[in-house]
Amino acid sequence: MSGWVHLWVDALTAGLVVVGALAALLGSFGLLRLKSFFQRVHAPTLGATLGTWSFTLAAAVQISFERGQLYLHTLLIAVFIALTVPITTIFLMRAAVFRGRMRGEEVPVPGADELPRG
């Protein structure tokens with residue numbers, strides 16, 4: 001019985017690690033494929049957040065099984081990243097908008113596509 005349970009835990013951990021790696025890989029492809037900074041900033045942050053959640057959940061599952069008790073310390077990493085990545089992204093976007101305006105470049109306005117033109 002113990003062997004089957006250990007096999008399932010290892011399979012779940014491996015699956016979560018693969019999901020995290022694929023999310024990070026897709027985020028990096030989005031970074032390469034998209035054209036402007038304002039488009040590129042979204043793909044890696046989403047990939048990093050999903051990848052981090054998957055990796056830390058895999059670690060929590062594996063360590064909880066090995067120790068025989070619930071171990072959630074690793075999930076604090078994911079919580080802190082989930083809180084700080086959006087804030088960092090906002091600051092990067094604001095810095096890019098400020099820099100673009102200082103150079104006299106045309107900076108995209110959020111929601112400008114939705115405004116009525118007349």
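A residue is called buried when its relative accessible area is under 20%, exposed when the value is over 50%, and partly exposed in between. By that yardstick Glu-105 is partly exposed, because its relative accessibility comes out at 45%. Arg-103, at 59%, lands on the exposed side, because that value is over 50%. These two residues belong together for another reason: their side chains meet in a salt bridge, with 3.8 Å from N to O. A search through the whole structure turns up one salt bridge.

Some words on confidence come next. The model is a predicted one. Its mean pLDDT is 83, and 90% of the residues reach 70 or more. Helix α3 comes out best, with a mean of 87, while helix α2, covering residues 37-40, sits at the bottom with 78.

Arg-103 also marks the end of helix α4, which runs over residues 75-103. This helix counts 29 residues, and the stretch from its first C-alpha to its last is 42 Å. That is close to the 42 Å expected at 1.5 Å a residue. Just past the end of α4, Gly-104 adopts a positive phi of about 85°. Along the helix, the buried residues are Leu-75, Ala-78, Val-85, Thr-89, Ala-96, Val-97 and Gly-100. And what do the buried residues of α4 pack against? Their partners are α2 and α3.

On the α3 side, Thr-56 is a good place to look, since this residue is part of that helix. Thr-56 has a relative accessible area of 8%, so it counts as buried, the cut-off being under 20%. Setting aside neighbours within four places in sequence, Thr-56 is in contact with Thr-74, Leu-75, Ile-77 and Ala-78. Two of these names, Leu-75 and Ala-78, have already come up among the buried residues of α4. The side chain of Thr-56 also reaches the backbone oxygen of Trp-53, at 3.2 Å.

Helix α3 covers residues 42-67, and Gln-62 is found there too. Is Gln-62 buried or exposed? Its relative accessibility is 18%, so Gln-62 still counts as buried with the limit set at under 20%. Apart from residues up to four places away in sequence, Gln-62 touches His-6, Val-9, Asp-10 and Thr-13. Taken side by side, the two α3 residues have these contacts: Thr-56 with residues including Leu-75 and Ala-78, and Gln-62 with residues including His-6 and Thr-13.

Methods:
Residues are numbered from 1 along each chain as its sequence is written. This is a predicted model: local features need pLDDT of at least 70, side-chain atom pairs count only at pLDDT 80 or more; totals for chains, interfaces and linings use all residues. Side-chain values use heavy atoms; hydrogens and water are left out. Helices (H or I, at least four residues) and strands (E, at least two) are DSSP runs, numbered from the N terminus. Buried means under 20% relative accessible area, exposed over 50%, partly exposed in between (1.4 Å probe, protein chains only). Contact means heavy atoms within 4.5 Å. pLDDT is the predictor's confidence in each residue, from 0 to 100. A polar contact is a pair of N or O atoms within 3.5 Å; within protein, one must be able to donate a hydrogen and the other to accept it, and residues adjacent in sequence count only if both atoms are side-chain atoms. A salt bridge is a side-chain nitrogen of Lys or Arg within 4 Å of a carboxyl oxygen of Asp or Glu. The expected span of a helix is 1.5 Å times one less than its number of residues.
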